[in-house]
Amino acid sequence: MINVILKKDRDKPIRMGHPWVFSGAIEQVEGVGKPEPGEQCRVLTNKKEFLGVGYYNEKSTIRVRMFQAQDKPIDLTEIRERIDIALALRQSILNESTNACRLINSEGDFLPGLIVDKYGSGLCLQITTAGMERFRMEIVNCLAAALSPRFIYERAENEAATREGLAAKNSCIHGSLPEKLLIREHGLQFRVDLEGGQKTGFFLDQRHNRLLLRKYAAGATVCDCFAYSGGFSANAWAAGARLVHTVDSSKDALELAKENLAHNKFPREESNFIAADAFEFLRGATTKYSCIILDPPKFARHSADRERASRGYKDINLSAIKIMAPQGILFTFSCSQAIDQTLFSQIVFAAAADSGRQVQVLHRLSQPTDHPFNIAHREGEYLKGLVLRVI
Ligand code: SAH
């Protein structure tokens with residue numbers, strides 16, 4: 001195994017359990033020849049004290065993903081055990097009314113580079129590191145044996161996989177995809193477009209927040225901005241909303257949203273679906289909404305984008321708060337890792353102050369239990385939200 005020797009004083013995060021070694025923390029790599037992407041490595045301090053075993057990839061600025069503190073090769077038994085531990089956590093989420101959730105959440109389940117989502121009786125697999133890619137077949141076999149899925153669909157085209165030099169993948173690798181993949185979430189039905197959809201097809205991470213919306217949407221005039229396949233819209237209708245406007249810049253997303261409202265027998269007049277830039281739409285909106293949802297895509301990809309992203313979040317929250325009917329409810333989110341809960345609250349509170357309205361905080365929201373994060377890897381805590389009441 002190659003040895004990766006860290007620079008002086010760069011060992012603390014690893015000792016604390018952080019799973020990433022950045023290129024800038026490495027003094028030297030010892031071994032025969034050039035390491036292959038995903039090759040296993042021992043990580044040592046500057047004084048050659050052993051820290052742990054991980055896997056290496058020179059193509060990525062995250063050079064090493066740590067896997068274990070034991071000085072032995074990473075083996076399949078350990079991977080299987082971690083998969084079993086991850087699966088056990090999800091048992092309480094799946095039931096009659098919900099048959100989709102994230103089963104394996106990469107670093108958050110101590111399996112860096114491995115994401116597995118359950119969609120009904122099938123799975124969507126996403127491998128984002130060269131090191132995990134080396135165990136691909138074994139992982140597929142292990143999932144097939146543990147869960148007997150009807151299909152395993154593989155997607156690897158996200159930026160993380162590209163950064164690691166992995167080929168794009170978008171195909172069914174086990175069993176066969178049903179013609180129409182329908183899932184259930186808190187009793188509602190949604191079609192998941194694994195082949196053409198965003199992320200791995202559905203935004204599973206908003207499941208509990210969508211359910212919370214039901215408490216506030218009865219009789220409301222709702223605007224679901226950044227709606228994608230209509231998850232929040234459907235929950236608003238389920239709660240008995242008076243009217244729901246479903247807004248997204250993607251026409252394909254809106255088509256899917258329309259279809260999803262139809263699956264649940266909710267109204268779907270053309271005029272309720274608005275293909276528009278949400279920033280512009282809210283600035284020009286004439287309807288007084290009593291409930292607005294803002295669930296935008298990641299505005300900050302890196303900490304360098306933080307300022308620009310903050311302006312985006314402030315802008316859109318200010319527009320929403322301004323047009324809200326008295327005692328209106330705002331569900332507002334950020335899924336940017338680089339914007340933490342404290343900063344997000346500051347941005348939204350600044351927007352509220354600028355609006356001149358009185359605003360209360362009802363809930364602070366986060367990602368659900370099937371998207372856990374490792375306490376030593378705070379980058380895994382990406383979804384944050386607030387529910388505000390605008391007087
Ligand atoms: N709320 C959704 C997930 C939202 S994902 C759910 O619960 O499933 C973010 C969505 O924002 C995507 O569908 C994307 O098409 C849309 N989007 C991105 N930029 C936008 C913009 N400027 N205006 C409106 N929609 C936008």
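A polar contact is a pair of N or O atoms within 3.5 Å; within protein, one atom must be able to donate a hydrogen and the other to accept it, and residues adjacent in sequence count only if both atoms are side-chain atoms. The model is predicted, so local features need pLDDT of at least 70 and side-chain atom pairs pLDDT 80 or more, while totals for chains, interfaces and linings use all residues. Numbering runs from 1 along each chain as its sequence is written, and side-chain values use heavy atoms, with hydrogens and water left out.

**Exercise 1.** Find polar contacts of the ligand.

*Solution.*
- Step 1. Start at the backbone: a polar backbone atom of Phe-226 is 3.0 Å from a nitrogen atom of the ligand.
- Step 2. Turn to Asp-277: a polar atom of its side chain lies 2.7 Å from a ligand nitrogen.
- Step 3. Check Asp-295: an N or O atom in its side chain is 2.7 Å from a nitrogen atom of the ligand.
- Step 4. Assess the cover: on its own the ligand has 580 Å² of accessible area (Shrake-Rupley method, 1.4 Å probe), and the protein covers 90% of that 580 Å².

**Exercise 2.** Describe the shell around the ligand.

*Solution.*
- Step 1. Count residues with a heavy atom within 4 Å of the ligand: there are 15.
- Step 2. Name the closest: Arg-210, Asp-248, Asp-277, Ala-278 and Asp-295.
- Step 3. Sort the shell: eight residues are nonpolar, three polar and four charged. Nonpolar means Ala, Val, Leu, Ile, Met, Phe, Trp, Tyr, Cys and Pro; charged means Asp, Glu, Lys and Arg; the others, Gly among them, are polar.

**Exercise 3.** Examine how domain 1 meets domain 3.

*Solution.*
- Step 1. Set the bounds, from an automatic or database assignment: domain 1 is 2-68 and domain 3 is 203-390.
- Step 2. Count residues in contact (heavy atoms within 4.5 Å): domain 1 gives five and domain 3 gives four.
- Step 3. Take the buried area (accessible area lost on being put together, 1.4 Å probe, summed over both parts): about 370 Å², 56% of it on carbon and sulfur atoms.
- Step 4. Find the main contributors: His-18, Pro-19 and Trp-20 supply 76% of the area that domain 1 buries against domain 3.

Conventions: Buried area = accessible area lost by both parts, 1.4 Å probe.
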